[in-house]
Amino acid sequence: MLRQMSRFFRSCGTRVYSQYLNNSYIFQDPNLNDPPRILITGSLGQLGVEVARFLRDIYGRENVIMSDIIKPRKEVFNDGPYIFADILDFKGLQEIVVTHRIDWLIHFSALLSAIGEQNVPLAVRVNIEGVHNVIELAKQYKLKLFIPSTIGAFGPESPRNPTPNITIQRPKTIYGVSKVHAELLGEYYFHRYGLDFRCLRFPGVISSDPPGGGTTDYAVAIFHDVLRTGRFECYLRPDTRLPMMYIKDCLRALWEYMVTPAAKLKRRVYNVTAMSFTPEELAATIAKYVPEIKVTYRPDSRQQIADSWPQVFDDSAAREDWSWHHKYDIDKMVTAMIDDIRRQYN
Ligand SMILES: NC(=O)c1ccc[n+]([C@@H]2O[C@H](COP(=O)([O-])OP(=O)(O)OC[C@H]3O[C@@H](n4cnc5c(N)ncnc54)[C@H](O)[C@@H]3O)[C@@H](O)[C@H]2O)c1
């Protein structure tokens with residue numbers, strides 16, 4: 001249905017794709033009549049598969065090229081262009097950009113917070129050297145470059161409730177350090193070379209796809225475990241408050257930000273969020289729909305990471321500058337996740 005509607009909008013050239021994503025206003029996308037060619041790196045992770053599907057619905061299957069260093073599932077491979085791209089191989093990336101006439105680069109390859117701590121040298125290579133490569137590539141070929149950042153780009157010295165767009169950033173994970181590096185380098189290339197760099201600091205993103213080893217992963221795992229077994233053991237304390245966002249809001253945020261005219265942007269790095277909750281509050285909301293749920297708590301090393309992260313994220317700058325607004329609160333997200341995951345297991 002979504003595909004049919006977007007094809008219809010594209011074929012009419014009406015540029016009102018988001019009218020049915022978001023009834024409250026019409027979001028103008030100047031790219032629909034001349035769709036950009038988009039490369040997504042690290043596209044087989046939690047966000048990449050969903051972002052590719054979303055952008056293909058808007059811009060057409062052939063215009064969105066998924067890439068990663070791992071072998072795709074058959075459904076992903078059959079769904080549109082998929083190629084091997086190692087972000088540590090600069091020449092290989094150049095070849096892809098030239099051969100596929102890339103206009104936008106969405107750079108998702110990364111080692112997330114918990115995984116990064118287990119292999120710091122690899123995280124330095126993937127998260128820092130990888131960014132050096134894509135940023136030079138984007139400059140050379142005049143690409144619009146999106147690199148996501150995270151609540152993990154803040155640390156214990158940052159104000160945690162709320163955490164403003166501009167404040168102290170002294171993260172204590174290699175993941176956070178590499179994201180601050182990407183934010184600063186992107187801003188620098190924007191000021192120095194006019195690179196169209198765009199960055200959103202996402203909170204924990206909740207979707208039914210398997211997460212990649214971050215500290216907010218419990219908010220995805222709880223749905224799978226509870227719907228399969230009725231039980232969940234949480235690796236964070238029950239009162240650990242963290243900012244979160246449902247995948248549909250995340251996709252819409254990314255796209256709306258990418259098509260916002262540069263003149264409207266007062267900065268290149270924006271906080272975005274939708275809600276903030278604790279494991280206890282999430283479990284209580286799920287219990288409204290699955291009353292037999294039983295959750296136990298056994299904090300591990302991820303607790304220390306979570307304790308240094310924002311509890312409530314201030315995204316007022318995004319709301320003011322490009323009209324960001326979320327549509328999913330905790331109740332709406334929980335019902336959507338339960339529906340999604342029940343469908344997966346049935
Ligand atoms: N998922 C979240 O909740 C969240 C929140 C904030 C920010 N982000 C950011 O969004 C991006 C995507 O996150 P995700 O959750 O999909 O991550 P993920 O861990 O699920 O996926 C990352 C992908 O990067 C790939 N990769 C690793 N090394 C590579 C290399 N050398 N070359 C090419 N690809 C390589 C992996 O194979 C993997 O598929 C990341 O940059 C992450 O920091 C995610």
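A pocket here means an open set of grid points, on a 1 Å grid over the protein atoms alone, with protein on both sides within 12 Å along at least five of seven lines. Okay, with that in hand, let's look at this one, and keep in mind that it's a predicted model.

The largest pocket comes out at about 880 Å³. It has 39 lining residues, and if you go to the centre, the closest ones are Gly 45, Phe 108, Ala 110, Leu 112 and Gly 212. In terms of secondary structure, E6, H7 and E8 are the elements that put two or more residues into that lining. As for chemistry, the lining of the largest pocket splits into 22 nonpolar, 13 polar and 4 charged residues.

So what takes up the space of the largest pocket? That would be the ligand. The shell around the ligand has 26 residues, and the ones that come nearest are Gln 46, Leu 47, Asp 68, Tyr 175 and Val 205. By type, the shell around the ligand has 15 nonpolar, 8 polar and 3 charged residues.

Now the polar contacts, and I'll pick out three of them. Start at Gln 46: one of its polar backbone atoms is 2.9 Å from an oxygen atom of the ligand. Gln 46 is also on that list of nearest residues. Then there's Asp 86, where a polar side-chain atom sits 3.0 Å from a nitrogen atom of the ligand. And Phe 108, which we just met by the pocket centre, has a backbone N or O atom 3.3 Å from an oxygen atom of the ligand.

How much of the ligand does the protein bury? Taken alone, the ligand exposes 840 Å², and 91% of that is buried by the protein. The elements giving two or more residues to the shell are strand E6 at 149-150, helix H7 at 174-193 and strand E8 at 204-206.

Okay, on to enclosed space. Searching the whole structure for cavities of 30 Å³ or more turns up 1. The largest cavity has a volume of about 50 Å³. Which residues line the largest cavity? You've got His 107, Ser 109, Ala 110, Asn 127, Val 131, Ile 147, Ser 178, Lys 179 and Ala 182. Helix H6, residues 120-141, and H7 each give at least two residues to that lining, with H7 supplying the largest share, 3 residues. The breakdown for the cavity lining is 4 nonpolar, 4 polar and 1 charged. Notice that Ala 110 is in this lining, and Ala 110 was also among the residues closest to the pocket centre.

Last bit, two backbone details to look at while you have the model open. The peptide bond from Asn 161 to Pro 162 is cis, with omega near 0 degrees. Pro 162 is in the loop between E6 and H7, and both of those elements contribute to the ligand shell. The other one is Arg 101: its phi is near 50 degrees, so to speak on the positive side, in a residue other than glycine. You'll find Arg 101 in the loop between helix H4, 90-99, and strand E4, 104-107.

Technical notes: Residues numbered from 1 in each chain as written. Predicted model: local features only at pLDDT ≥ 70, side-chain atom pairs only at ≥ 80, totals over all residues. Heavy atoms only, no water. Near = heavy atom within 4 Å. Polar contact = N/O pair within 3.5 Å; in protein donor to acceptor, adjacent residues only side chain to side chain. Areas by Shrake-Rupley, 256 points an atom, 1.4 Å probe, with all protein chains shown as cover. 1 Å grid on protein atoms, 1.4 Å probe; cavity = no way out; pocket = protein on both sides within 12 Å on 5 of 7 lines; lining within 4 Å. Sits in = over half its atoms within 2 Å of the grid points. Helix = DSSP H or I, 4+ residues; strand = E, 2+ residues; numbered from the N terminus. Nonpolar A, V, L, I, M, F, W, Y, C, P; charged D, E, K, R; others polar. Points joined across faces, edges and corners; volume = space filled by probe spheres on them.
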